[in-house]
Amino acid sequence: MNRIPAPWIRTRLRTAPAAAAALALLVALTACLAGAFPRAVDRYEDAGLRQAVERAHPLNTSVTVYAQQPDALLSQRQREDALRPAALNARYAAVLAALQRPFVADRAQSTYGVRTANPQKAPDPFLPQPYGLPAQIELTAQEGLAAHATVKAGRLPRADGLVTASTPEVEAAVSAETAKSLHIKVGSVIHVPGSGRAPLAVRVTGIVVPRDPGGAYWATHELLHTPNLIPVPNTDFYYWLGALLLSPDAAPALLGTAGDAQRYWQLAPSVPALRSHQLDDLKSAVASMETGPDNRRLRAATDPSTNVTTYLDDVLDSYGALRGKVRPLVAVAAFGTGTVAAVVLLMAAGLAADRRAAELTLLRARGASLRGLGARLFAETAVVAVPAWAVGLTVALLAVPTDRAAYATAAATAVTLIACAALPVRAMAVHRTVRVHAARADVSTVRPSRRRTVAELTLVVVALGAVETLRRAGTSGGQLSSLAPVLVATVAALLLIRLYPLPLRALARPAARLRGTVTHMSLARAGRTSASAVLPLLALLTALTTAAFGGSVLAGVHAARDHAAYLAVGADARVETPTPLPADLPDRIRRAPGVQALSAVSLSYESKPDDGEHTVPVAGVNPEDYAELAARTSLGRFGAGELAKRPAAEPQPALASPSVATRYGTRSFPVRLEDGSTITVRVAAVVDRTPAVIGADFLVVNRAILDARAARPSALLLTGSGIQASTLRKAAGSSAQIQFRSKERAEYGDSPLQSGAERVYAAAVAAGAGYAVLALLLSLLRAAPERTALLARLRTMGLTRAQGRRLLILESLPQAALAAAGGALTGWATIRLLSPGVDLTTIALATHETAGGEAVLRTDAMSLVLPAAAVLLVTVGVAGAQAWWTGRQGAVAELRVGDAR
C-alpha cells in the first residue's frame, strides 16, 4: 500500500480550528488598532494645522510677492504694458509654477493686481474731513472683483478703450462700508493728484459687498472693504483712508499719479492641502520663498526688484511648538498600550506552545531539526496571521481615512511579524534540547540565571535614566522619556516576580495548622507558580501603570480647565452690568430654574486707596454667601468671620491680593470708591484669587460697611447646573453681560490638536486595559488544564464543589492581588516620579492665556483604584466560572484522559 503524506499546515489547522480562529481574531484586532493609531494621530494633527492657519488672519498667512513699478529707463509704452492684465497674468502663472510643494496656493482666494503704495490726498469736499484733514485714497486694480463681490448698487467698473498714464478719467467701485464712511455714492467723482499731469478723475460706478470678507482675497488687505481712521503721528488728529477698486484694464492710469504704483501677486495657502507631517518641509518652502532659491525663481518669473513678505512661518512655528508639547504625552499611552499588546501576543504564542508541548517534544525525539520545526510553525502561523493582517489593516485604512498609509502598514506588519515569530522562537528555545519529558518550570525549581540578572539590572539602569531624563527635560526629552512609565512597570514586574513567593510560602506554614486543607493547598500552589508568570504580570502592571498615568493626565487636564474657567467667570454663571442692578433682580434670579446659590457683589473698579493715582478694584460682598462661593470654586478660601463688620470708629477688615497686601501692609488706610464715598480698611487676610474680580489686584470688603448707593450690587455670581441663558437674559436685560463657566471651559478644548490627542489618549488607555484583561484570561487559561485535572483527582478524595471553587479562587487571588496592588503602587510612584517633568498646560489650555499657572500632573485616585479592582473581579469571576464548569463536566472524563504532563 502506498503511503499518502498529509499536508502539515492543513492537518494542523483542521486539528485545532478554534485556536486558529482565536489567533486570527487577535492578530486582526491588534493589526487594526496598530494601523489606526498613526492615522488617527495624523488626522487630528492635520486638523489642528488647518485650524491654526484658518484662525490666523489672512494677512499673517498669505504670501505676497510684490514688485516696484517698471523701470523708468523703459519707454512709457513698455511701462504701461507691464501693468496690463495680460502681462500680470503671465507672471502670475509663472509664480504659481515656481512654487514648490508642500506649499500649494488656493487659486480661488489668490489674486494679483496693481495698487498705489502711497495713498494720495483727495480734496473733494463731499469726503469727510475730521479735524480738517482731507481723506486719503488708495487706488487698487485687483483681478477677480466680479467673482468675489456682489453689486449692491450701480455696476462694476470697466475701461473704455486703451488706458494709459495720461488718461483723464477712469471708473471704480467701492465697498459698502467705504461708501458709508466716506459718503460716496454711485456717480461720485474723486480726484486723485497727478504726477506731472492734471488730477486723475475716478468716477464711482458701483457699490459692492464682499461675498467672503474674511477670505484671503479681501482680508489680506482689509482696506479694500473697510476704511480706517488713521492717527496723525504725535497728535490727537485722525484722517480717513479708503480704497477705490479700479478695473484691471485701468491699471496703467496709476502711473500718472504720485502714488508709486506697485505690482503684486497675492498667494493664499490652500488649507485642505496642509499636512502636519509636512510641517518642516512647508516651513522650509516658505523660508525659501522669502530668502532662498525659490526667491530667485520668483524674481526670475516676475521682476528683479521683487520682494516676498509673509508671516506664515510664524503661524507654522506656533503650531509646531504646540504639537511638539502634545506628542510626547500621546506617546506615553502609545508605548504603554503597544507593550501590553505585544505581551498578549507573546502569551498567546506561549499558550499554543504549552498546548502542543507533547507533540513538539515527540517531533524532536523523532529527529526533527530546530530549523525545520521553526519553519513549519512559522508557516503554520503565517497562514492564519497574514490574512488576518490584511483584514485588520484594511479596516484601519477605511475607518480612519488619511493620506499616509506607510506608518499604518508598518505598525500592522510589526504586529503580524511578532505573532508569526513568537511561537517558532518559543518552541525552538524550549525544545532546543531533545528530551522525553519536560522539567518542572515553577519558581521553586527554576532559578534566575546570571544573564537574566544582568539584563534585569541593565533594565533598571535604563529605567532610572528615563525617569531622570523626564524629570529634568520634561516630555521634550525624546522617546526614552515617553518610555519611562513602561520601563518603571517592567522593573516593578521583575521585582515582584522575584519577591512575591516568599510571603506566600511564609503564610502557607501557619495555614497548614488550620482545620481543612484548602487554604494551605491554595497558598502552597500559589507560592509555586510558574516561572513564566512574568509576562502576565508585566502586562497587568504596564496596563495598570498606563491607565493610572493616562487617567491622571486626563483628570489633570479637566481640573486645569475647570480652574481656568472659574478664574475667567468666578462662578457657574455671572451676570454683570456697568451700573447697579435693579433691586428686585437678585431675588428673581435666585428663583430661576437651576440656580442653587447666589452671591450679590457690588464692584467698584476705579477705587483709589490712600486717595492716590493707583486704582484697585473693590468688591463688596455678603461674607456668608461669598465664603461658600470661594470654598466651592477653590478661589481664595476664607472664613466668613474674617469680614465681620467692626464698629464705625474702627477700620473695617478686607481681603487683599498679595500685591495689594504688600503695597499697603497691615496698617489701616482709606479707600475712595467710584461714587466718591470713602471707607477705611485694614488687610485682614491675603488670598491669591477671588471669584468677584478677574485679576491680580483686588480688595474684598463686607457690603454692609458701604453706603446705600455703593452697596447696590452690580454683579451676581450664580452656582448651579442647568441654568438657562435665555432665562438670565430675559431677567437681566440686554445691557447685562452674561458669562457661563461651561461655555468658557468648552473654549479651552476647541482645538482639534487638543481634543484629538485626548480622544486618542483615552482610546489607547482603554485598549491597554482590554489587552490587560485578555492577558489575565490567557494566564488563567494556560493553567486551566492542570487545575481541571487537580480538581478531578481531589474530588475522588472527597473534595466538594464549594471547596473546589474556594481552592481555585484562593489560588488565583494572590497573584491577582499582587498585580492589582503592585499596579496601583507602581502607577502612584510613576506619577510622583514623573510629575515634575510633565506640564499639562499645553494640552489643557493650548494657546489660551490664563492666570491659572501651569497645569501639573497629580494622582487621580479613581484611575488607581478602578483598574486594580477590575483585575480582582475578573480573576475571581474566571476562577469561579472554571470551578463551576469543571463541576458540571464531572471527574470521570478527565481521569480517563490522564495527566497531560
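A pocket, in this tour, is an open set of grid points with protein on both sides within 12 Å along at least five of seven lines, and its lining residues have an atom within 4 Å of a point. With that in mind, open the structure, which is a predicted model, and let's walk through it.

**Stop 1: the second largest pocket**

Start by selecting Ala34, Phe37, Pro38, Val41 and Ala334, the lining residues that lie nearest the centre of the second largest pocket. How many residues line this pocket in total? The lining has 45 residues, and the volume of the pocket is about 1400 Å³.

Now colour the elements that give two or more residues to the lining: α2 (17-55), α11 (312-355), α14 (406-430), α16 (479-482) and α26 (752-782). If you colour the lining by class instead, you will find 28 nonpolar residues, eleven polar ones and six charged ones.

**Stop 2: helices around α14**

Keep α2 and α14 on screen, since both contribute to that lining. Their axes come within 7 Å and cross at roughly 155 degrees. Angles over 145 degrees count as roughly antiparallel, so α2 and α14 are roughly antiparallel. The crossing of this pair is right-handed.

Next, add helix α13, residues 370-399. How do the axes of α13 and α14 cross? They come within 8 Å of each other, at an angle of roughly 155 degrees. The helices α13 and α14 are therefore roughly antiparallel too, and their crossing is right-handed.

**Stop 3: strands on either side of β18**

Select strand β18, residues 678-686, together with β16, residues 652-656. These two strands run parallel and are joined by five bridges. To see one pairing, pick Leu655, whose bridge partner in β18 is Ala685.

Then bring in β17, residues 668-672. Does β17 run parallel or antiparallel to β18? The two are antiparallel, and five bridges join them. Here you can pick Arg672, with Thr678 as its bridge partner in β18.

β17 and β18 form a hairpin with five residues between the strands. Zoom in on Gly676 in this hairpin, where phi is positive, near 95 degrees. While the strands are in view, you could also show the side chains: in a regular strand they alternate between the two faces of the sheet.

**Stop 4: two loops with backbone details**

Move to the loop between α5 (85-98) and β2 (111-116), where Pro102 lies. What kind of peptide bond joins Arg101 and Pro102? The bond is cis, with omega about 15 degrees.

Finish at Asn234, in the loop between β9 (228-231) and β10 (238-246). Although Asn234 is not a glycine, its phi is positive, at about 65 degrees.

How values were computed
Residues numbered from 1 in each chain as written. Predicted model: local features only at pLDDT ≥ 70, side-chain atom pairs only at ≥ 80, totals over all residues. Heavy atoms only, no water. 1 Å grid on protein atoms, 1.4 Å probe; cavity = no way out; pocket = protein on both sides within 12 Å on 5 of 7 lines; lining within 4 Å. Points joined across faces, edges and corners; volume = space filled by probe spheres on them. Helix = DSSP H or I, 4+ residues; strand = E, 2+ residues; numbered from the N terminus. Nonpolar A, V, L, I, M, F, W, Y, C, P; charged D, E, K, R; others polar. Pairing = 2+ DSSP bridges. Axes fitted to C-alpha atoms, helices over the stretch in contact; angles between N-to-C directions. Parallel < 35°, antiparallel > 145°, perpendicular 65-115°, else oblique. Left-handed = near helix turned anticlockwise from the far one by under 90°.
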